[in-house]
Amino acid sequence: MAEKECGFAPLVFRLHGGAPQVVREVLLERGWEEYDEEEQEEGDWNLYWRSSGFRNSDYKNILPWQRLNHHPKMTHITRKDCLARHLRRMKCAFGAVLYDFSPAAFILPNDYTKFLGVYTKNRSTDEGKSCFWICKPVGLSRGRGIFLFKDIKDLVYHSSLIIQRYISDPLLISGYKFDLRIYVCIKSFCPLVIYMHQEGLVRFATEKYTLASLDNPYSHLTNTSINKYGLCYAKDKERVGRGCKWTMSKFRCFLHKQDINEHLLWLRISNIVTLTLLRAVPCIPSSPNCLELLGFDILIDASFKPWLLEVNHSPALSLDCPADVAVKKGLINDIIDLMNYRMTDGFRQKGYLRKRYARSGSRYLQPKIPQEFLLPKTLHATPSGKRSRNRSFSTSSSSQHTVLCSVNDCARNSRYASRPAHPNSKPSTSSGHEKAPQKLEEINVEVESDEFTTLNGTRQSLKNTPSSLCKLPSLHKLTTPTVPWNHRTQDRDVPPCRVGDFILTFPFSEATWKASQDQVDVKAILNEVRKLTNRLTSSFNGKKRTKADSGQRCNPVRDKFESLLWGPKDPPLLSECYSSNSETK
Ligand code: ADP
């Protein structure tokens, strides 16, 4: 692969039992190597991927070249009862208008009396329409233990569960119910940075929807884990086809043909994601080098209103059908790109020591590392602009310019060569902080040797250096680790608006960026969400946009952000979606 051909040290991944095979496949394709516990030292890896959460010690001991695929304490939004509780609080604090996207929910046994009150009231005031309820055990997933009821006498439970109002008028395609699996990547919680993947899955029930029988899971539940056992799974179903999944692209084509305004739908879904995650921000400790992939389950009702059903901690990444293959491989590749590895990460401890030197002004790695161990050779730029191999003991900030290009750039050169670039796409070097990739020979110069130079000018071999001296303090033990994962100062940089098929959906403006730094200003953010929704709604409702319109800027509201609208295949800039007469103050 690219790295090996270039003579670079391969990055190393570590999979915990049960981690998806597609992750292994993608990483091996990208030239990574798998961690071997017997052969390699503890810590000699770059990515640790687990389906379940990590231990506290994993977060505490994380090293600068390492990434984990989970943030701590994510159950705050991924457990059904916690999510219901949190959303209820947000609704009370910030109003039902914004937080009206989750069906009313009750956590049993505690909320039984409250539920009884609502149930009784509904029965008497429902104007003849019946209200349906769905019960889900709080600790289970994949549709296990779920049942529906209309009459409270059918409510039987033995463990903690949530009762949710059943969305009984879902949007149907040829009579089949479906929901959307939206892939969301949280690059950091502090500041909050959210990406949503362009591709996702549409998951169908495999029998036609009917309220006449509430106990048919193939008609009411859209979980693949259930429907793949249905009698109709392999049948060619009207419009839906065989199986039970579509890609999001196929769904978009469907919406387009129906003349449905997909922009507004995507904006609403994107709002749901932001508003849900905002609630989690104060609960999640700042953890550099962690990234979270979540699966948001969204149901669209007959009036095109999207509803949040639940948030999945480890969305299924198995490849069961062609739609899975089309979506999930690209998804994993894009996640790895979002992790923003650099060439030095491949050299792990050894490379990092060198890099520390290059950034000797960096405040948070200075303390515990003796200076004399942080001085590798550096490169000087010659007057002709070419780098020489002279060594320097300088600790000036100019030495920062020896920073290497990211591994992603290198991998992408081969992998994405055939992918058309979106006109609005930016290089996925995460912060825009990095320089253009260096030439290969320049990179080799920096990493070719095992030697580094000490302060008094003697060269030492890292191989012979006692490991205790080379051990670096973990990021957590160092001060102010509010960094997403770059070891430099890119935490204050604006994240790129697109990385592969991931679209930055939060922050979406300078104001939201500012409001999400350090202490999150929820009120200010909600205000911005409201303003954006109003602008776009009046813009889309006021004027039917033509193709020519969407290419023109109509008095756009500009700031340094160039946010894209998540959803369409080639998303327009948000600012391009505002029409001049729809500015809302
Ligand atoms: P699980 O974690 O067990 O998959 P979900 O909350 O995702 O639980 O529910 C499983 C399925 O049940 C969903 O994919 C959806 O088809 C259906 N469902 C869940 N909640 C509702 C609801 N409130 N209204 C309508 N359908 C629902």
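Start the tour of this predicted model by selecting Arg24, a residue that is partly exposed, with a relative accessible area of 23%. Display its side chain together with that of Glu34, and you will find the two meeting in a salt bridge, with 2.8 Å from N to O. Arg24 belongs to helix α2 (residues 21–29) whereas Glu34 belongs to strand β2, so this pair ties together parts that are 10 residues apart in sequence. Glu34, like its partner, falls in the partly exposed class, and its relative accessible area is 31%.

Keep helix α2 on display and move to Glu25, whose carboxylate forms a salt bridge with Lys329, the closest N and O atoms being 3.4 Å apart. Because Lys329 sits in helix α11 (residues 322–338) and Glu25 in helix α2, this contact ties together parts that are 304 residues apart in sequence. Colouring by accessibility will show Lys329 as partly exposed at 22% relative accessible area, and Glu25 as partly exposed at 30%.

Remain on helix α11 and select Asp324, whose side chain meets that of Lys245 in a salt bridge of 2.9 Å, N to O. Here too distant parts of the chain are linked, since Asp324 is in helix α11 and Lys245 is in strand β13 (residues 245–247), 79 residues away. Are the two residues of this pair buried or exposed? Asp324 is buried, and Lys245 is buried as well.

For a salt-bridge arrangement that goes beyond a pair, select Asp179, Arg181, Arg203 and Asp297 together, as these four residues are linked in a network of salt bridges. Over the whole structure, the search finds 22 salt bridges.

Next, return to the stretch that follows strand β2 and select Asp36, Glu37, Glu38 and Glu39, which form a negative surface patch. Within this patch, Glu37 can be placed in the loop between β2 (33–34) and β3 (47–49). Glu37 counts as exposed because its relative accessible area, 61%, is over the 50% cut-off.

The aromatic residues make the next stop, and a pair of rings is described by the distance of the centres and the angle of the planes. The count for this model comes to 17 aromatic pairs. One of them joins Trp45 and Tyr48 in an edge-to-face arrangement, with 5.5 Å from centre to centre and 65° between the planes. Both Trp45 and Tyr48 are buried, in contrast to the exposed Glu37. Then select Phe106, Phe115, Tyr119, Trp133 and Phe149, which ring pairs link into a cluster.

From the aromatic cluster, turn to the backbone, bearing in mind that most residues other than glycine have a negative phi and that most peptide bonds are trans. Select Leu108 and Pro109, which are joined by a cis peptide bond with omega at about 15°; Pro109 is found in the loop between β5 (105–108) and α6 (112–125). A cis peptide bond also joins Cys190 and Pro191, where omega is about 0°, and Pro191 occupies the loop between β10 (176–189) and β11 (192–197).

Which residues other than glycine should be selected for a positive phi? Ser174 is one of them, with phi near 50°, and its place is the loop between β9 (172–173) and β10. Ser174 counts as buried because its relative accessibility of 17% is under the 20% cut-off. Asn340 is another, with a positive phi of about 55°, and Asn340 lies in the loop between α11 and α12 (343–346). At a relative accessibility of 1%, Asn340 is likewise buried.

Finish in strand β10, where Ser188 can be selected. Ser188 is buried, its relative accessible area being 4%. Add Ser286 to the selection and draw the distance between the C-alpha atoms of the two serines: these atoms are separated by 7.9 Å, although Ser188 and Ser286 are 98 residues apart along the chain.

Conventions:
Residues numbered from 1 in each chain as written. Predicted model: local features only at pLDDT ≥ 70, side-chain atom pairs only at ≥ 80, totals over all residues. Heavy atoms only, no water. Patch = residues over 30% accessible without salt bridge, like charges linked within 9 Å, V, L, I, M, F, W, Y side chains within 5 Å. Areas by Shrake-Rupley, 256 points an atom, 1.4 Å probe, with all protein chains shown as cover. Lys, Arg positive; Asp, Glu negative; His and termini not counted. Charge placed at Lys NZ, Arg CZ, Asp CG, Glu CD. Helix = DSSP H or I, 4+ residues; strand = E, 2+ residues; numbered from the N terminus. Buried < 20%, exposed > 50% of the residue type's maximum accessible area, 1.4 Å probe, protein only. Phe/Tyr/Trp six-rings, centres within 6.5 Å; stacked < 30°, edge-to-face > 60°.
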